[in-house]
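Thank you all for coming; please take a moment to look at the chain on the screen before I start talking about it.

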Amino acid sequence: MNKRHLFSRRDFVKASIASLATITLVPRHVLGGPGFTPPSEVLTRAVIGTGGMGMGHVKEINTACKLLAVCDVDSEHLDTALKAAGPDAKGYRDFREVLARKDIDIVHIPTPPHWHALISIAAAKAGKDIWCEKPMSRTIGEGEAVVAAIDKYQRIFRINTWFRFEGNFYGMGTRVKPIKKIVMNGLLGWPLKVTLGAPTGFDWKLGEWAGRTNLVEQPVPPNLDYDFWLGPAPHKPYHPHRVHQHFRGYWDYDGGGLGDMGQHYIDPVQYILGKDNESPIEIESEAPKQDLDAVSTFRRIRFKYADGCEIILDGAGEDKDASFISGPKGKLGKNLESDIPNLEDKVAGLKDPEPQLTDFVEAVKTRKKFALNEINAHRSCTLVNLAKTAWQTGRVLHFDPVKQRFIDDENANSYIHQPMRGPWKI
């Protein structure tokens, strides 16, 4: 072997060792593997609306997602969000600039509800997948438009309520899964009556989210673009009680405690009863006459389905002896307390519900529907919007669950498609 070949071989061996050393020094998060996500698989996201609820979305920790943008019409909110968002995030005032970015995969929408549908639809058109706060829409018509846009542009949608598949269901002191098993296996019989009120573990927060009827116009603070905050809502003189933490108390933006807690409470009930593709046929409200602007309280709202099932929203907490669910074969209350002997032992042997895809990142990557998507979320939000309409009109309403329109009631139907202030439109 001549020296030339010897040196070449030695150089090759040295180069190989050096190359191997270089490979072994590459961080695991770059290569991937169990517990590590390579950059090519990291999704990117933006948060539009960075107030109280929005900061929870900003601080969402998920190694499979990278936050690139935060957006708010209040410069103080935006500054706070930028400090928490990390060095890769850029701030925006106009959500349309965020949607124009080609490098963002997922858009979070924790704005006030009067913006939910408009931004969801715009995000779908822009090719983004959507994580939207509850309630999904402020009107039934807006919800229909969101469903159509998600279908047209083939996006993945999640509404941000989770009790049908995760966590204890408020004052019930138990997860939803065993309740679903009890109902779907017929232990309580049929039809069923569900009561949601303080005695059964569900506080409607009606006083907390009531509006005011005596607002006096105040100067708009320099940090807030109030006209943009209003967006599609009618122009009303500025007062701090209209915006930020208090907006739920005004019909233009939400629906009081019902708007705040309704989809959290009602969606799991819809799932428990197997009503993800249905709506009630009759809605009745007992409440004081409502102001046209400010939301107040309701005593009781009743939904009735075609099969006789009922959902009662006990706003006044008057149903002291009510069970969470009652049926012809038994009752079920907090912590699975029941008049059915040995119920918990029976539940253990029952058939489980169908599995659900509860990982939003997996849903985005596989293009499979998330457990709480635009279709079932629209139905549970429709319950909220039906209740709001009965509450505002103050009478019994009859509803066609297929056409999703009120029967022979032009006034009630006027709440389905409400006018938007230009230039905003669905």
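I will go through one helix, then the cysteines, and then two pockets. Please keep in mind throughout that this is a predicted model.

Let me begin with helix α4, which runs over residues 75-85 and whose buried residues are H77, L78, A81 and A85. Where do these buried residues sit around the helix axis? They cover an arc of only 95 degrees, which means that they lie on the same side of α4. If you turn to the face that points away from this buried side, you will find the exposed residues E76 and K83 there. As for what the buried residues of α4 pack against, the partners are α3, strand β2 (65-71) and strand β3 (90-92).

Next come the cysteines, and I would remind you that a disulfide is a covalent bond between the sulfur atoms of two cysteines. How many disulfides does a search of the whole structure find? The search finds zero. Take C132, for which the nearest cysteine sulfur belongs to C381 and is 8.9 Å away, while the cut-off for calling a pair of sulfurs a disulfide is within 2.5 Å, so C132 is in no disulfide. Looking from the other end, C381 has the sulfur of C132 as its nearest cysteine sulfur, and C381 is likewise in no disulfide. On the question of exposure, C132 is buried, with a relative accessible area of 0%, and C381 is buried too, with a value of 1%.

Now to the pockets, where the largest one holds about 600 Å³ of space. It is lined by 32 residues, and those closest to its centre are R138, W251, Q392, Y415 and Q418. Both α7 (140-153) and α13 (374-393) supply at least two residues of this lining, with α13 giving the largest share, six residues. Sorted by class, the lining of the largest pocket has 14 nonpolar, 10 polar and eight charged residues.

The second largest pocket has about 510 Å³ of space. Its lining is made of 29 residues, and nearest its centre lie G51, P110, T111, P112 and F247. Two or more lining residues come from each of α3 (52-58), α6 (116-125) and α9 (226-230), and α3, which we met earlier as a packing partner of α4, gives the most, with three residues. By class, this second lining divides into 14 nonpolar, 10 polar and five charged residues.

Terms used. Residues numbered from 1 in each chain as written. Predicted model: local features only at pLDDT ≥ 70, side-chain atom pairs only at ≥ 80, totals over all residues. Heavy atoms only, no water. 1 Å grid on protein atoms, 1.4 Å probe; cavity = no way out; pocket = protein on both sides within 12 Å on 5 of 7 lines; lining within 4 Å. Points joined across faces, edges and corners; volume = space filled by probe spheres on them. Helix = DSSP H or I, 4+ residues; strand = E, 2+ residues; numbered from the N terminus. Nonpolar A, V, L, I, M, F, W, Y, C, P; charged D, E, K, R; others polar. Buried < 20%, exposed > 50% of the residue type's maximum accessible area, 1.4 Å probe, protein only. Arc of directions from axis to C-beta. Contact = heavy atoms within 4.5 Å.
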